[in-house]
Amino acid sequence: MADSNADLDAFRAEARTWLEDNFPASLKDKGLAPWGARQEGVHVDDDARAWQASLGAKGWGTPTWPAEYGGGGLTNQQARVLQEEMARIGASNPIPAVAIMGVTMVGPTILDYGTKEQKQRHIPPICRGEIAWCIGYSEPNSGSDLASLSTRAEDKGDYWLINGQKVWTSGANAADWCGALVRTDTSKPKREGISFMMVSMKQSGVTTRPIQLISGSSPFCETFFNDARAEKNDLLGPLNEGWSVGKRLLQHERASQTGGRGSGSGPAPKPIHEIAKTYVGTDEQGRLADLDLRGRIVEQVMAAAAHTLTTRRIAAEAKGNVQVSAAQSIMKNSATIVGQLHAELMIEIMGNQGLGWEGEGFSKSEIDATRAWLGGKAQSIYGGSYEIQNNIISKNILGLPETTQKG
Ligand SMILES: Cc1cc2nc3c(=O)[nH]c(=O)nc-3n(C[C@H](O)[C@H](O)[C@H](O)COP(=O)(O)OP(=O)(O)OC[C@H]3O[C@@H](n4cnc5c(N)ncnc54)[C@H](O)[C@@H]3O)c2cc1C
(Lines give C-alpha, C1' and ligand atoms only; values in the text may rest on other atoms or scores of the structure.)
Protein backbone atom coordinates (compact mmCIF):
# COMPACT_ATOMS: atom_id res chain seq x y z
CA MET A 1 0.00 0.00 0.00
CA ALA A 2 1.22 3.53 -0.76
CA ASP A 3 2.16 5.69 2.23
CA SER A 4 0.39 9.01 2.72
CA ASN A 5 2.49 12.16 2.75
CA ALA A 6 1.83 12.54 6.48
CA ASP A 7 3.07 8.99 7.12
CA LEU A 8 6.20 9.67 5.11
CA ASP A 9 6.82 12.95 6.95
CA ALA A 10 6.51 11.14 10.27
CA PHE A 11 8.88 8.46 9.06
CA ARG A 12 11.34 11.10 7.85
CA ALA A 13 11.39 12.65 11.32
CA GLU A 14 11.93 9.23 12.90
CA ALA A 15 14.75 8.38 10.47
CA ARG A 16 16.42 11.76 11.02
CA THR A 17 16.44 11.34 14.79
CA TRP A 18 17.73 7.79 14.60
CA LEU A 19 20.50 8.77 12.17
CA GLU A 20 21.54 11.70 14.39
CA ASP A 21 21.82 9.34 17.34
CA ASN A 22 23.65 6.55 15.53
CA PHE A 23 25.69 7.81 12.58
CA PRO A 24 29.28 8.61 13.65
CA ALA A 25 30.34 12.09 12.46
CA SER A 26 33.79 10.71 11.56
CA LEU A 27 32.24 8.71 8.68
CA LYS A 28 30.53 11.69 7.01
CA ASP A 29 31.06 11.73 3.22
CA LYS A 30 33.53 8.85 3.40
CA GLY A 31 31.44 6.59 1.15
CA LEU A 32 32.44 2.97 1.48
CA ALA A 33 36.12 3.81 2.03
CA PRO A 34 36.24 2.76 5.71
CA TRP A 35 35.15 -0.74 4.74
CA GLY A 36 37.33 -1.07 1.66
CA ALA A 37 37.04 -4.16 -0.47
CA ARG A 38 36.50 -7.00 1.93
CA GLN A 39 38.81 -9.26 -0.06
CA GLU A 40 41.72 -6.82 0.23
CA GLY A 41 41.67 -7.11 4.02
CA VAL A 42 41.38 -3.34 4.61
CA HIS A 43 41.41 -2.28 8.26
CA VAL A 44 37.93 -1.30 9.45
CA ASP A 45 37.95 1.29 12.24
CA ASP A 46 35.80 1.24 15.38
CA ASP A 47 33.32 3.87 14.18
CA ALA A 48 32.73 1.97 10.94
CA ARG A 49 32.17 -1.24 12.90
CA ALA A 50 29.79 0.47 15.30
CA TRP A 51 27.81 2.04 12.42
CA GLN A 52 27.51 -1.28 10.59
CA ALA A 53 26.37 -2.97 13.82
CA SER A 54 23.68 -0.39 14.61
CA LEU A 55 22.44 -0.20 11.01
CA GLY A 56 22.37 -4.02 10.86
CA ALA A 57 20.56 -4.36 14.18
CA LYS A 58 17.95 -1.84 13.07
CA GLY A 59 17.51 -3.72 9.77
CA TRP A 60 18.01 -0.55 7.77
CA GLY A 61 20.95 -1.94 5.77
CA THR A 62 18.27 -4.06 4.05
CA PRO A 63 15.41 -1.61 4.56
CA THR A 64 12.61 -3.36 2.64
CA TRP A 65 13.30 -6.92 3.80
CA PRO A 66 10.80 -8.46 6.24
CA ALA A 67 11.36 -7.45 9.87
CA GLU A 68 10.74 -11.05 11.05
CA TYR A 69 14.03 -12.07 9.38
CA GLY A 70 16.03 -9.03 10.50
CA GLY A 71 15.20 -6.58 7.70
CA GLY A 72 13.81 -3.07 8.17
CA GLY A 73 10.24 -3.94 7.14
CA LEU A 74 9.95 -0.57 5.35
CA THR A 75 7.91 0.18 2.26
CA ASN A 76 9.82 1.21 -0.87
CA GLN A 77 8.71 4.80 -0.32
CA GLN A 78 9.99 4.79 3.26
CA ALA A 79 13.24 3.24 2.03
CA ARG A 80 13.62 6.11 -0.44
CA VAL A 81 13.08 8.62 2.39
CA LEU A 82 15.71 6.82 4.44
CA GLN A 83 18.10 6.98 1.50
CA GLU A 84 17.49 10.72 1.13
CA GLU A 85 18.09 11.29 4.82
CA MET A 86 21.31 9.29 4.71
CA ALA A 87 22.50 11.18 1.63
CA ARG A 88 21.67 14.48 3.37
CA ILE A 89 24.14 13.76 6.18
CA GLY A 90 26.73 11.96 4.01
CA ALA A 91 26.02 8.50 5.42
CA SER A 92 26.66 5.31 3.47
CA ASN A 93 25.10 1.90 3.85
CA PRO A 94 27.96 -0.62 4.02
CA ILE A 95 25.84 -3.78 4.35
CA PRO A 96 25.31 -4.50 0.59
CA ALA A 97 29.04 -4.12 -0.08
CA VAL A 98 30.06 -6.26 2.89
CA ALA A 99 27.57 -9.01 2.00
CA ILE A 100 28.90 -8.99 -1.62
CA MET A 101 26.05 -10.75 -3.51
CA GLY A 102 24.06 -11.43 -0.32
CA VAL A 103 21.86 -8.33 -0.38
CA THR A 104 21.37 -7.77 -4.09
CA MET A 105 20.88 -11.34 -5.25
CA VAL A 106 20.98 -14.33 -2.93
CA GLY A 107 18.97 -12.86 -0.05
CA PRO A 108 15.97 -11.87 -2.21
CA THR A 109 16.07 -15.31 -3.87
CA ILE A 110 16.09 -17.09 -0.50
CA LEU A 111 13.15 -14.90 0.52
CA ASP A 112 11.35 -16.00 -2.68
CA TYR A 113 12.18 -19.72 -2.60
CA GLY A 114 13.54 -20.64 0.84
CA THR A 115 11.78 -22.67 3.50
CA LYS A 116 11.09 -20.90 6.78
CA GLU A 117 14.10 -22.67 8.29
CA GLN A 118 16.38 -21.54 5.42
CA LYS A 119 15.20 -17.96 5.78
CA GLN A 120 15.74 -18.01 9.55
CA ARG A 121 19.25 -19.42 9.09
CA HIS A 122 20.51 -17.26 6.22
CA ILE A 123 18.66 -13.94 6.12
CA PRO A 124 19.46 -12.39 9.55
CA PRO A 125 23.27 -12.70 9.16
CA ILE A 126 23.02 -11.03 5.72
CA CYS A 127 21.00 -8.17 7.25
CA ARG A 128 23.72 -7.67 9.87
CA GLY A 129 26.48 -7.80 7.25
CA GLU A 130 28.09 -10.79 8.95
CA ILE A 131 27.97 -13.20 6.02
CA ALA A 132 29.14 -12.66 2.44
CA TRP A 133 27.83 -14.57 -0.58
CA CYS A 134 29.11 -15.20 -4.08
CA ILE A 135 27.34 -16.59 -7.15
CA GLY A 136 28.67 -19.73 -8.86
CA TYR A 137 26.94 -19.81 -12.24
CA SER A 138 29.45 -19.32 -15.07
CA GLU A 139 31.85 -22.10 -16.03
CA PRO A 140 34.76 -22.13 -18.49
CA ASN A 141 32.46 -23.53 -21.20
CA SER A 142 29.14 -22.15 -20.00
CA GLY A 143 28.58 -18.38 -19.98
CA SER A 144 25.72 -17.11 -22.10
CA ASP A 145 24.73 -20.73 -22.71
CA LEU A 146 24.51 -21.25 -18.96
CA ALA A 147 22.22 -24.27 -19.15
CA SER A 148 25.09 -26.34 -20.53
CA LEU A 149 26.85 -26.16 -17.13
CA SER A 150 28.53 -29.36 -15.96
CA THR A 151 29.45 -28.94 -12.27
CA ARG A 152 27.76 -31.95 -10.65
CA ALA A 153 26.14 -32.56 -7.30
CA GLU A 154 25.69 -36.25 -6.51
CA ASP A 155 23.16 -37.40 -3.97
CA LYS A 156 25.12 -39.32 -1.33
CA GLY A 157 22.11 -40.15 0.82
CA ASP A 158 22.55 -37.66 3.63
CA TYR A 159 24.53 -34.99 1.74
CA TRP A 160 25.47 -33.71 -1.75
CA LEU A 161 28.96 -34.28 -3.18
CA ILE A 162 30.00 -31.50 -5.56
CA ASN A 163 32.67 -31.56 -8.26
CA GLY A 164 33.43 -29.08 -11.04
CA GLN A 165 34.76 -25.61 -11.83
CA LYS A 166 33.18 -22.18 -11.87
CA VAL A 167 34.74 -19.00 -13.27
CA TRP A 168 34.29 -15.21 -12.89
CA THR A 169 32.95 -15.85 -9.39
CA SER A 170 32.85 -12.30 -7.98
CA GLY A 171 34.09 -12.11 -4.38
CA ALA A 172 34.60 -15.89 -4.14
CA ASN A 173 37.82 -15.52 -2.14
CA ALA A 174 36.01 -13.44 0.49
CA ALA A 175 32.66 -15.19 0.53
CA ASP A 176 31.35 -17.49 3.24
CA TRP A 177 28.70 -19.05 1.01
CA CYS A 178 28.13 -19.62 -2.68
CA GLY A 179 24.78 -19.79 -4.46
CA ALA A 180 25.68 -22.33 -7.14
CA LEU A 181 23.88 -23.87 -10.07
CA VAL A 182 24.80 -27.55 -10.27
CA ARG A 183 23.71 -30.51 -12.35
CA THR A 184 21.75 -33.02 -10.28
CA ASP A 185 20.36 -35.15 -13.10
CA THR A 186 22.36 -35.82 -16.27
CA SER A 187 19.62 -37.90 -17.90
CA LYS A 188 17.18 -34.99 -18.28
CA PRO A 189 17.16 -32.19 -20.91
CA LYS A 190 19.77 -29.62 -19.90
CA ARG A 191 17.44 -27.11 -18.21
CA GLU A 192 15.59 -29.78 -16.25
CA GLY A 193 18.52 -31.42 -14.48
CA ILE A 194 19.86 -28.33 -12.70
CA SER A 195 19.45 -27.43 -9.01
CA PHE A 196 20.33 -24.36 -6.95
CA MET A 197 22.66 -25.31 -4.10
CA MET A 198 23.86 -23.19 -1.18
CA VAL A 199 27.48 -24.30 -0.72
CA SER A 200 29.70 -23.31 2.19
CA MET A 201 32.96 -21.79 0.92
CA LYS A 202 34.63 -22.55 4.23
CA GLN A 203 35.53 -26.17 3.55
CA SER A 204 38.60 -27.96 2.20
CA GLY A 205 36.76 -29.10 -0.96
CA VAL A 206 36.51 -25.48 -2.20
CA THR A 207 39.47 -23.48 -3.51
CA THR A 208 39.58 -20.11 -5.28
CA ARG A 209 42.12 -18.39 -7.56
CA PRO A 210 41.72 -14.62 -8.18
CA ILE A 211 41.78 -13.25 -11.76
CA GLN A 212 43.29 -9.79 -12.33
CA LEU A 213 41.39 -7.22 -14.44
CA ILE A 214 42.48 -4.24 -16.55
CA SER A 215 41.01 -1.94 -13.90
CA GLY A 216 43.77 -3.19 -11.58
CA SER A 217 41.63 -5.08 -9.12
CA SER A 218 40.90 -8.78 -8.77
CA PRO A 219 37.25 -8.86 -7.86
CA PHE A 220 36.60 -12.32 -9.15
CA CYS A 221 38.01 -15.81 -9.17
CA GLU A 222 38.13 -19.26 -10.60
CA THR A 223 36.36 -21.50 -8.09
CA PHE A 224 37.09 -25.22 -7.84
CA PHE A 225 34.83 -27.77 -6.17
CA ASN A 226 36.77 -30.97 -5.43
CA ASP A 227 34.58 -33.32 -3.42
CA ALA A 228 32.92 -30.33 -1.79
CA ARG A 229 29.92 -31.00 0.38
CA ALA A 230 26.49 -29.46 0.73
CA GLU A 231 23.95 -30.59 3.29
CA LYS A 232 20.54 -31.87 2.27
CA ASN A 233 18.85 -28.68 3.49
CA ASP A 234 21.22 -26.56 1.37
CA LEU A 235 19.08 -27.19 -1.71
CA LEU A 236 17.14 -23.99 -2.48
CA GLY A 237 13.82 -24.60 -4.22
CA PRO A 238 12.77 -27.95 -5.68
CA LEU A 239 15.28 -30.57 -6.88
CA ASN A 240 16.02 -30.24 -10.63
CA GLU A 241 14.11 -26.96 -10.82
CA GLY A 242 17.15 -24.79 -10.20
CA TRP A 243 16.86 -23.19 -13.63
CA SER A 244 13.79 -21.25 -12.45
CA VAL A 245 15.47 -20.34 -9.15
CA GLY A 246 18.61 -19.29 -11.02
CA LYS A 247 16.69 -17.10 -13.47
CA ARG A 248 14.88 -15.46 -10.57
CA LEU A 249 18.23 -14.58 -8.98
CA LEU A 250 19.38 -13.04 -12.26
CA GLN A 251 16.27 -10.86 -12.34
CA HIS A 252 17.15 -9.65 -8.85
CA GLU A 253 20.71 -9.05 -10.05
CA ARG A 254 19.48 -6.97 -13.00
CA ALA A 255 17.09 -5.05 -10.77
CA SER A 256 20.07 -4.10 -8.58
CA GLN A 257 21.95 -2.86 -11.67
CA THR A 258 19.29 -0.51 -13.00
CA GLY A 259 19.95 2.31 -10.55
CA GLY A 260 16.46 1.94 -9.15
CA ARG A 261 17.31 0.22 -5.91
CA GLY A 262 19.76 2.53 -4.22
CA SER A 263 20.17 2.10 -0.51
CA GLY A 264 21.89 5.15 0.87
CA SER A 265 25.25 5.22 -0.80
CA GLY A 266 26.38 8.68 0.26
CA PRO A 267 26.32 12.12 -1.32
CA ALA A 268 25.36 12.61 -4.99
CA PRO A 269 28.37 13.03 -7.31
CA LYS A 270 29.01 16.40 -8.97
CA PRO A 271 27.01 16.71 -12.24
CA ILE A 272 28.98 16.00 -15.42
CA HIS A 273 28.27 19.43 -16.97
CA GLU A 274 29.78 21.13 -13.91
CA ILE A 275 32.88 18.93 -14.15
CA ALA A 276 33.12 19.71 -17.89
CA LYS A 277 33.15 23.46 -17.21
CA THR A 278 36.18 23.10 -14.93
CA TYR A 279 38.20 21.23 -17.56
CA VAL A 280 36.99 22.75 -20.82
CA GLY A 281 36.10 26.30 -19.71
CA THR A 282 33.09 28.49 -20.52
CA ASP A 283 32.17 31.03 -23.21
CA GLU A 284 31.20 34.64 -22.47
CA GLN A 285 27.62 33.52 -21.68
CA GLY A 286 28.83 31.05 -19.06
CA ARG A 287 28.09 28.02 -21.25
CA LEU A 288 30.46 25.14 -21.81
CA ALA A 289 32.95 26.37 -24.41
CA ASP A 290 32.95 23.31 -26.69
CA LEU A 291 29.65 23.29 -28.65
CA ASP A 292 29.89 19.70 -29.86
CA LEU A 293 30.74 18.38 -26.40
CA ARG A 294 27.89 20.46 -24.96
CA GLY A 295 25.42 18.69 -27.26
CA ARG A 296 26.67 15.25 -26.34
CA ILE A 297 26.62 16.02 -22.63
CA VAL A 298 23.02 17.20 -22.98
CA GLU A 299 22.15 13.89 -24.68
CA GLN A 300 23.79 11.92 -21.88
CA VAL A 301 22.11 13.96 -19.14
CA MET A 302 18.73 13.53 -20.86
CA ALA A 303 19.23 9.78 -21.28
CA ALA A 304 20.23 9.48 -17.61
CA ALA A 305 17.22 11.54 -16.51
CA ALA A 306 14.87 9.47 -18.71
CA HIS A 307 16.32 6.29 -17.22
CA THR A 308 15.91 7.52 -13.64
CA LEU A 309 12.38 8.80 -14.25
CA THR A 310 11.36 5.53 -15.93
CA THR A 311 12.71 3.58 -12.96
CA ARG A 312 10.68 5.82 -10.63
CA ARG A 313 7.57 5.54 -12.80
CA ILE A 314 7.79 1.74 -12.72
CA ALA A 315 8.05 1.90 -8.92
CA ALA A 316 5.16 4.38 -8.66
CA GLU A 317 2.90 2.36 -10.98
CA ALA A 318 3.61 -0.74 -8.93
CA LYS A 319 2.68 1.29 -5.82
CA GLY A 320 6.16 0.85 -4.47
CA ASN A 321 6.22 -2.95 -4.75
CA VAL A 322 8.12 -3.58 -7.96
CA GLN A 323 8.05 -7.22 -9.04
CA VAL A 324 11.19 -8.45 -10.72
CA SER A 325 10.50 -9.67 -14.24
CA ALA A 326 11.92 -9.94 -17.75
CA ALA A 327 11.37 -6.16 -18.00
CA GLN A 328 14.48 -5.74 -15.81
CA SER A 329 16.43 -6.65 -18.96
CA ILE A 330 15.29 -3.39 -20.57
CA MET A 331 16.35 -1.37 -17.56
CA LYS A 332 19.64 -3.24 -17.25
CA ASN A 333 20.57 -2.39 -20.86
CA SER A 334 19.42 1.18 -20.40
CA ALA A 335 21.53 1.53 -17.23
CA THR A 336 24.50 0.08 -19.14
CA ILE A 337 24.20 2.61 -21.97
CA VAL A 338 23.80 5.55 -19.59
CA GLY A 339 26.67 4.42 -17.36
CA GLN A 340 29.15 3.64 -20.13
CA LEU A 341 28.37 6.85 -22.01
CA HIS A 342 28.90 8.85 -18.82
CA ALA A 343 32.26 7.16 -18.21
CA GLU A 344 33.42 7.80 -21.79
CA LEU A 345 32.42 11.45 -21.67
CA MET A 346 34.28 11.89 -18.37
CA ILE A 347 37.48 10.59 -19.95
CA GLU A 348 37.02 12.86 -22.96
CA ILE A 349 36.33 15.90 -20.77
CA MET A 350 39.39 15.29 -18.62
CA GLY A 351 41.68 14.77 -21.63
CA ASN A 352 45.13 13.55 -20.55
CA GLN A 353 44.06 13.90 -16.93
CA GLY A 354 41.43 11.25 -17.59
CA LEU A 355 44.08 8.65 -18.32
CA GLY A 356 45.70 8.63 -14.90
CA TRP A 357 46.42 5.41 -13.13
CA GLU A 358 48.34 6.52 -10.07
CA GLY A 359 50.78 9.17 -8.87
CA GLU A 360 50.70 12.81 -7.82
CA GLY A 361 49.96 14.18 -11.31
CA PHE A 362 46.34 13.09 -10.98
CA SER A 363 43.63 13.89 -8.46
CA LYS A 364 41.65 11.11 -6.79
CA SER A 365 38.57 11.91 -8.88
CA GLU A 366 40.65 11.68 -12.08
CA ILE A 367 42.04 8.29 -11.12
CA ASP A 368 38.52 7.18 -10.11
CA ALA A 369 37.22 8.28 -13.54
CA THR A 370 39.85 6.17 -15.35
CA ARG A 371 39.03 3.14 -13.24
CA ALA A 372 35.27 3.67 -13.57
CA TRP A 373 35.68 3.82 -17.36
CA LEU A 374 37.65 0.57 -17.47
CA GLY A 375 35.59 -1.17 -14.79
CA GLY A 376 32.33 -0.08 -16.46
CA LYS A 377 33.14 -2.13 -19.56
CA ALA A 378 32.06 -5.16 -17.55
CA GLN A 379 28.52 -3.85 -17.12
CA SER A 380 27.52 -5.05 -20.57
CA ILE A 381 28.84 -8.54 -19.72
CA TYR A 382 27.99 -9.48 -16.13
CA GLY A 383 24.49 -10.52 -15.13
CA GLY A 384 23.97 -11.69 -18.72
CA SER A 385 25.50 -9.75 -21.62
CA TYR A 386 23.90 -6.84 -23.48
CA GLU A 387 23.10 -9.11 -26.44
CA ILE A 388 21.55 -11.76 -24.19
CA GLN A 389 19.32 -9.09 -22.58
CA ASN A 390 18.22 -8.12 -26.09
CA ASN A 391 17.36 -11.77 -26.77
CA ILE A 392 15.28 -11.90 -23.55
CA ILE A 393 13.53 -8.64 -24.48
CA SER A 394 12.71 -9.86 -27.99
CA LYS A 395 11.45 -13.24 -26.84
CA ASN A 396 9.80 -12.63 -23.46
CA ILE A 397 8.58 -9.06 -23.85
CA LEU A 398 8.08 -8.51 -27.59
CA GLY A 399 7.00 -12.10 -28.25
CA LEU A 400 9.38 -12.51 -31.20
CA PRO A 401 10.46 -16.02 -32.28
CA GLU A 402 13.12 -18.01 -30.41
CA THR A 403 16.76 -17.24 -31.27
CA THR A 404 19.49 -19.81 -31.63
CA GLN A 405 20.14 -19.29 -27.91
CA LYS A 406 17.55 -21.18 -25.87
CA GLY A 407 16.50 -19.64 -22.54
C1 LIG B 1 32.75 -8.16 -13.78
C2 LIG B 1 32.11 -9.50 -13.98
C3 LIG B 1 31.60 -10.16 -12.87
C4 LIG B 1 31.02 -11.43 -13.04
N5 LIG B 1 30.59 -12.06 -11.90
C6 LIG B 1 30.09 -13.31 -12.01
C7 LIG B 1 29.70 -14.03 -10.84
O8 LIG B 1 29.80 -13.52 -9.72
N9 LIG B 1 29.26 -15.28 -10.99
C10 LIG B 1 29.13 -15.88 -12.21
O11 LIG B 1 28.68 -17.01 -12.25
N12 LIG B 1 29.49 -15.24 -13.35
C13 LIG B 1 29.97 -13.96 -13.27
N14 LIG B 1 30.36 -13.29 -14.41
C15 LIG B 1 30.30 -13.98 -15.69
C16 LIG B 1 29.23 -13.45 -16.63
O17 LIG B 1 27.95 -13.83 -16.20
C18 LIG B 1 29.57 -14.00 -18.03
O19 LIG B 1 30.79 -13.41 -18.41
C20 LIG B 1 28.49 -13.67 -19.03
O21 LIG B 1 27.32 -14.39 -18.76
C22 LIG B 1 28.94 -13.95 -20.47
O23 LIG B 1 29.48 -15.24 -20.58
P24 LIG B 1 30.91 -15.49 -21.25
O25 LIG B 1 31.89 -14.57 -20.59
O26 LIG B 1 31.19 -16.95 -21.19
O27 LIG B 1 30.76 -14.99 -22.73
P28 LIG B 1 30.09 -15.82 -23.98
O29 LIG B 1 28.86 -16.48 -23.49
O30 LIG B 1 31.14 -16.68 -24.56
O31 LIG B 1 29.73 -14.65 -24.93
C32 LIG B 1 30.71 -13.98 -25.74
C33 LIG B 1 30.01 -12.93 -26.59
O34 LIG B 1 29.05 -13.57 -27.44
C35 LIG B 1 27.76 -12.99 -27.27
N36 LIG B 1 26.74 -14.02 -27.37
C37 LIG B 1 26.77 -15.26 -26.82
N38 LIG B 1 25.65 -15.95 -27.10
C39 LIG B 1 24.86 -15.11 -27.83
C40 LIG B 1 23.56 -15.22 -28.43
N41 LIG B 1 22.83 -16.33 -28.31
N42 LIG B 1 23.06 -14.16 -29.08
C43 LIG B 1 23.77 -13.01 -29.22
N44 LIG B 1 25.03 -12.85 -28.70
C45 LIG B 1 25.55 -13.87 -28.01
C46 LIG B 1 27.78 -12.38 -25.87
O47 LIG B 1 26.86 -11.30 -25.78
C48 LIG B 1 29.22 -11.92 -25.76
O49 LIG B 1 29.36 -10.64 -26.36
C50 LIG B 1 30.93 -12.02 -14.31
C51 LIG B 1 31.42 -11.34 -15.43
C52 LIG B 1 32.02 -10.10 -15.28
C53 LIG B 1 32.55 -9.40 -16.50
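Helix axes are taken here as lines fitted to C-alpha atoms over the stretch in contact, and the angle between two of them runs from 0 to 180 degrees between their N-to-C directions. In these terms, helix α5 (residues 102-113) packs with helix α6 (residues 116-127) in the predicted model at an angle of about 160 degrees, and the two axes lie 10 Å apart. Because angles over 145 degrees count as roughly antiparallel, α5 is roughly antiparallel to α6. The contact draws on Gly102, Val103, Gly107, Ile110 and Leu111 from α5, and on Gln118, Lys119, His122, Ile123 and Ile126 from α6. The crossing by which α5 passes α6 is left-handed.

Helix α5 is mostly covered, 9 of its 12 residues being buried. The buried residues are Gly102, Val103, Thr104, Met105, Val106, Gly107, Pro108, Thr109 and Ile110. Their covering includes α6, already described as a packing partner of α5, together with α4 (95-98), β8 (235-236), α7 (242-256) and the strands β1 and β4.

Strand β1 (residues 133-136), one of the elements that cover α5, is itself covered on both faces. In a regular strand the side chains alternate between the two faces of the sheet. In β1, Trp133 and Ile135 lie on one side and Cys134 and Gly136 on the other, and all of these residues are buried. Strand β1 pairs with strand β4 (residues 177-183) in the parallel sense, over 4 bridges, and within this pairing isoleucine 135 stands opposite glycine 179 of β4.

At the level of the whole chain, the assignment gives domain 1 (5-127), domain 2 (133-240) and domain 3 (269-397). The centres of domain 1 and domain 3, taken over C-alpha atoms, are separated by 26 Å.

A further helix pair is formed by helix α8 (residues 272-280) and helix α9 (residues 291-317). Helices α8 and α9 pack at an angle of about 160 degrees, with 10 Å between their axes, and are therefore roughly antiparallel to each other. Their contact is made by Ile272, His273, Ala276 and Val280 of α8 and by Leu293, Ile297, Gln300 and Val301 of α9. In this pair α8 passes α9 in a right-handed crossing, whereas the crossing of α5 past α6 is left-handed.

Leucine 291 also belongs to helix α9. Because 9 other C-beta atoms lie within 10 Å of its own, leucine 291 is exposed, the limit for an exposed residue being 12 or fewer. Between leucine 291 and isoleucine 314 there are 35 Å in space, C-alpha to C-alpha, for a separation of 23 residues in sequence.

Two residues other than glycine, aspartate 29 and tryptophan 168, were examined for their backbone conformation. The phi angle of aspartate 29 is positive, near 60 degrees, and this residue lies in the loop between α1 (5-22) and α2 (46-58). Aspartate 29 has 11 other C-beta atoms within 10 Å and is therefore exposed. For tryptophan 168, phi is likewise positive and near 60 degrees, but this residue is found in strand β3 (residues 159-170). Tryptophan 168 counts as buried because it has 21 C-beta neighbours inside 10 Å, where 20 or more are required.

Key. Residues numbered from 1 in each chain as written. Predicted model: local features only at pLDDT ≥ 70, side-chain atom pairs only at ≥ 80, totals over all residues. Helix = DSSP H or I, 4+ residues; strand = E, 2+ residues; numbered from the N terminus. Pairing = 2+ DSSP bridges. Domains from an automatic or database assignment. Parallel < 35°, antiparallel > 145°, perpendicular 65-115°, else oblique. Left-handed = near helix turned anticlockwise from the far one by under 90°. Contact = placed C-beta atoms within 7 Å.
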